[in-house]
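Biologist: Could we go through the ligand and the pockets of this model together?

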Amino acid sequence: MENRTPLIAGNWKMYKTPTEAGEAARKLAGLVAGVTGVEAMVAPAFVAIPAVARALSGTEIALGAQNLHWEDQGAFTGECSAAMLKDAGCDYVIIGHSERRHLFGETDEAVNKKVRAALAHGLKPVLCVGETEGERDAGHTMDVLDVQVARGLDGLSITAESGLVVAYEPVWAIGTGRTATPDQAQEAHAHIREKLGQVLGKPLANSTRILYGGSVKPGNIAELMTEPDLDGALVGGASLDPASFADLVRFRAA
Ligand code: PEP
């Protein structure tokens, strides 16, 4: 059994001004100080990254971004590069979130370029994959996951130092209040790990953390995390309130 330290990551989406985000990060840091054996990360909006970096300085909480552009610089209005995020203090970057894929038309090819850029700048990519409700109903879940993992990582040289994280986020469970059952999540995670084994080799697949995302809350996290291939959570709604997010980070104590 691999020793994969659970990662509890908060995706703050387009919520919180820089002032609010800095304040929330400060509160969270106070609430989770001293928690061991779990890593916490928050991903605020681009504009709030400096405020959150200041608030988290000297704490154990990691900082992430929600997206990036694959080029280092250039005429790409409204975008942010991996180099910019790294310089601003980010450790992680979420890539291919279902809202990016479905609301902004992000393709597997774009996701692949973004993962490559993150790796080139020492940012740990959190590669999001997951099926829609229609795909699940049609029995295509595992095929969708295979394609998203294979295309997302195609041609990249990934090592243990890359810090790659994969997040399984069934689209039908994101922000809907519907959570995958522990069995459904474990089945998908085991399948993703198998696929990662084909792409990266078994040792790296076994040490790669696979997070579950989709309506994770303080009331359901402990049960989900008993599954052997669930190595943490990517959390939207329940990460916005510092007290609720702190409860998630302390899931082992719940
Ligand atoms: C997410 O946005 O990654 C997510 C899982 O959202 P929620 O926890 O609100 O379902």
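Modeller: The following exchange covers the ligand site and then the other pocket. This is a predicted model, in which local features need pLDDT of at least 70, side-chain atom pairs count only at pLDDT 80 or more, and totals for chains, interfaces and linings use all residues. Residues are numbered from 1 along each chain as its sequence is written, and side-chain values use heavy atoms, with hydrogens and water left out.

Biologist: Which pocket does the ligand sit in?

Modeller: The ligand occupies the second largest pocket; sitting there requires more than half of its atoms to lie within 2 Å of the pocket's grid points.

Biologist: Which residues are closest to the ligand?

Modeller: K13, E169, G175, S215 and G236 are the closest of the 14 that surround the ligand, where a residue counts if one of its heavy atoms lies within 4 Å.

Biologist: Which polar atoms lie by the ligand's oxygen atoms?

Modeller: A polar backbone atom of G175 is 2.6 Å from a ligand oxygen, and a backbone N or O atom of S215 is 2.8 Å from a ligand oxygen. The side chain of H97 has an N or O atom 2.9 Å from an oxygen atom of the ligand.

Biologist: How much of the ligand's accessible area does the protein cover?

Modeller: The protein covers 95% of the 290 Å² that the ligand has on its own, by the Shrake-Rupley method with a 1.4 Å probe.

Biologist: Turning to the largest pocket, which residues are closest to its centre?

Modeller: Those are M14, Q66, N67, R100 and F104, among 15 lining residues.

Biologist: Which helix gives the most to that lining?

Modeller: Helix α4, residues 98-103, contributes three residues, the most to the lining of the largest pocket.

Note on methods: On a 1 Å grid over the protein atoms alone, a cavity is a set of points where a 1.4 Å probe fits but cannot get out, and a pocket is an open set with protein on both sides within 12 Å along at least five of seven lines; lining residues have an atom within 4 Å of a point. Helices (H or I, at least four residues) and strands (E, at least two) are DSSP runs, numbered from the N terminus. A polar contact is a pair of N or O atoms within 3.5 Å; within protein, one must be able to donate a hydrogen and the other to accept it, and residues adjacent in sequence count only if both atoms are side-chain atoms.
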